[in-house]
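The following exercises invite the reader to examine a protein chain step by step. Each task is followed by a worked solution.

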Amino acid sequence: MKPLPLSGVRVIDFSQVMMGPCCTQMLGDYGADIIKIEKEKIGDLSRWSLGKDPDGHRNPVFSSLNRNKKSVALNLKTESARAQVLGLLDTADVAVNNFRPGVMERMGFGYDDLKERNPRLIYAVGTGFGMSGPNSKKGGQDILAQALSGVMERRADPDHPAAIYPTALCDYSAGMHLVQGVLLALLQREKTGEGQIVSVSLYDSMLAMQMQEAAVRMMRGRDLNWARFPLTGVFQTTDRSIVMVGAFKVNPLQDICEALQIEDLSQLERFSDFERQTENRAELQRIFREKFATNSSTHWLQRLELVDVLCAPVRTLSEALDDEQTAANGMLVDAGQTPNGPVRVIGSPINMSAAPLEIRLPPPMLGEHNALVLPQHPASCPETAA
């Protein structure tokens with residue numbers, strides 16, 4: 001078997017919940033040795049996300065973020081535990097944390113201290129709002145970043161109230177940016193022999209996600225909202241909702257009208273070009289809604305596909321998980337076994353022909369690897385957690 005891209009890279013992972021763990025899980029998926037440092041008896045807070053789990057330690061939220069890792073549970077308030085961790089950091093390539101600024105320093109694990117001991121160490125930090133500035137010490141959380149970055153305020157219908165996006169897009173986006181930062185730092189270390197600090201914030205990741213909208217606002221003084229384009233929307237049929245994107249064609253409105261079997265609205269002055277369609281969006285959307293409501297989703301999707309208009313049914317997550325495409329892409333994997341069945345989780349979205357995803361370790365029990373990672377302390381033993 002070929003070595004994985006990150007084989008031989010040791011990562012000491014202090015992170016918890018989502019941003020940091022999804023970063024270190026991806027590093028682990030491609031070969032890095034991830035040693036997860038957890039608080040004794042409590043561990044990563046995501047172990048308790050759904051309350052106590054029936055099988056005693058395989059919480060689904062925790063399991064989704066922590067395969068291919070070894071868990072070491074320690075009381076970092078003790079000198080002996082801190083000394084053990086410093087010993088691990090002396091051998092590490094990367095250290096990852098997502099604490100507020102100052103927390104690692106108070107434990108004796110600040111970058112300046114560690115750099116003296118291990119100049120090659122890459123010190124990766126995930127924060128809510130940045131390493132400095134007025135909000136640097138503010139508690140970071142996905143929903144807060146949605147609100148402060150402008151993401152939450154932007155919505156398809158301005159008459160709808162602002163709402164929380166129900167998937168942790170800030171955490172995942174920032175976690176993937178942290179992966180990129182670590183990989184770039186590893187490449188640079190090959191040239192310089194030196195480590196560095198790599199930092200990513202939820203806030204910056206959300207601003208970066210809005211790069212097109214931000215450029216239009218700063219350079220043209222107006223808003224860009226892809227969801228409010230005149231020929232795009234979610235429409236209710238007789239049995240479910242479908243989404244249509246009328247774009248990337250010379251005259252998409254003409255093709256939509258053909259699919260809906262109505263007159264060619266693009267021939268009318270008030271709908272003759274994109275600007276006029278935008279001005280009269282409410283009328284266009286009303287016409288679409290009334291027509292889509294007369295037949296089934298299957299009927300309309302087939303007709304839209306015939307004229308090559310982008311469209312899809314609005315599905316539940318369960319439907320997506322059951323889809324043949326999901327299986328074909330290898331996106332569902334077993335990451336271990338519990339008394340209640342397999343640890344069934346989402347795989348990696350990255351496909352490498354010479355380095356396929358390899359699950360070497362299931363999501364660990366709290367402290368499961370104390371004796372393995374700290375063999376000089378055989379009394380160390382795992383703590384069971386939900």
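A residue is called buried when its relative accessible area is under 20%, exposed when it is over 50%, and partly exposed in between (1.4 Å probe, protein chains only). Helices (H or I, at least four residues) and strands (E, at least two) are DSSP runs, numbered from the N terminus. The model is predicted: local features need pLDDT of at least 70, side-chain atom pairs count only at pLDDT 80 or more, and totals for chains, interfaces and linings use all residues. Residues are numbered from 1 along each chain as its sequence is written, and side-chain values use heavy atoms, with hydrogens and water left out.

**Exercise 1. The chain as a whole**

Task: State how many helices and strands the chain has, and what share of its residues count as buried.

Solution. Step 1: the chain holds 16 helices and 11 strands. Step 2: 44% of its 386 residues count as buried. Step 3: the C-alpha trace spans about 80 × 50 × 40 Å along its principal axes. Step 4: contact means heavy atoms within 4.5 Å. Among contacts in the chain with a separation of 6 or more, 69% come from residues 24 or more positions apart.

**Exercise 2. Helix 1**

Task: Determine which residues of helix 1 are buried.

Solution. Step 1: the buried residues are Met19, Gly20, Pro21, Cys22, Cys23, Thr24, Gln25, Met26, Leu27, Gly28 and Asp29. Step 2: since 11 of the 11 residues of helix 1 are buried, the helix is largely enclosed by the rest of the structure. Step 3: after helix 1 comes Gly31, with a positive phi near 115°.

**Exercise 3. The partners of strand 1**

Task: Identify what stands opposite Val11 in strand 2 and in strand 4.

Solution. Step 1: two strands pair if DSSP finds at least two bridges between them. Step 2: strand 1 (residues 10-13) runs parallel to strand 2 (residues 33-39), and four bridges join them. Opposite Val11 in strand 2 stands Ile34. Step 3: the path from strand 1 to strand 2 passes through helix 1 (residues 19-29), forming a right-handed β-α-β crossover. Right-handed here means that, with the strands pointing away from the viewer, the path from the first strand over the helix to the second runs clockwise. Step 4: strand 1 also pairs in the parallel sense with strand 4 (residues 94-97), over three bridges. In strand 4, Val94 is the residue opposite Val11.

**Exercise 4. Lys36**

Task: Decide whether Lys36 is buried or exposed, and find the polar contact that joins its side chain to Asp44.

Solution. Step 1: Lys36 belongs to strand 2. Step 2: its relative accessible area is 0%, so Lys36 is buried. Step 3: a polar contact is a pair of N or O atoms within 3.5 Å; within protein, one must be able to donate a hydrogen and the other to accept it, and residues adjacent in sequence count only if both atoms are side-chain atoms. The side chains of Lys36 and Asp44 form such a contact at 2.9 Å. Step 4: leaving aside neighbours within four places in sequence, the residues in contact with Lys36 include Asp13, Phe62, Lys69 and Lys70.

**Exercise 5. The nonpolar cores**

Task: Find which helix gives the most to the largest nonpolar core.

Solution. Step 1: a nonpolar core is a set of buried Ala, Val, Leu, Ile, Met, Phe, Trp, Tyr and Cys residues joined through side-chain atoms within 4.5 Å. Step 2: the largest has 31 residues, and those with the most contacts inside it are Val9, Val11, Leu27, Ala32, Val94, Leu178 and Leu186. Step 3: helix 7 (169-192) is among the elements that each supply at least two residues, and helix 7 gives the most, with nine. Step 4: a second, separate core of 24 residues includes Ile35, Val72, Ala81 and Ala95.

**Exercise 6. Helix 13**

Task: Explain why the buried residues of helix 13 line one face.

Solution. Step 1: the buried residues of helix 13 (residues 297-306) are Ser297, Trp300, Leu301 and Leu304. Step 2: seen down the helix axis, they fall within an arc of 100°, and therefore line one face of helix 13. The arc is that of the directions from the helix axis to the C-beta atoms. Step 3: an α-helix has 3.6 residues a turn, so residues three or four places apart point the same way. Step 4: Gln302 and Leu306 are exposed on the face turned away from the buried side of helix 13.
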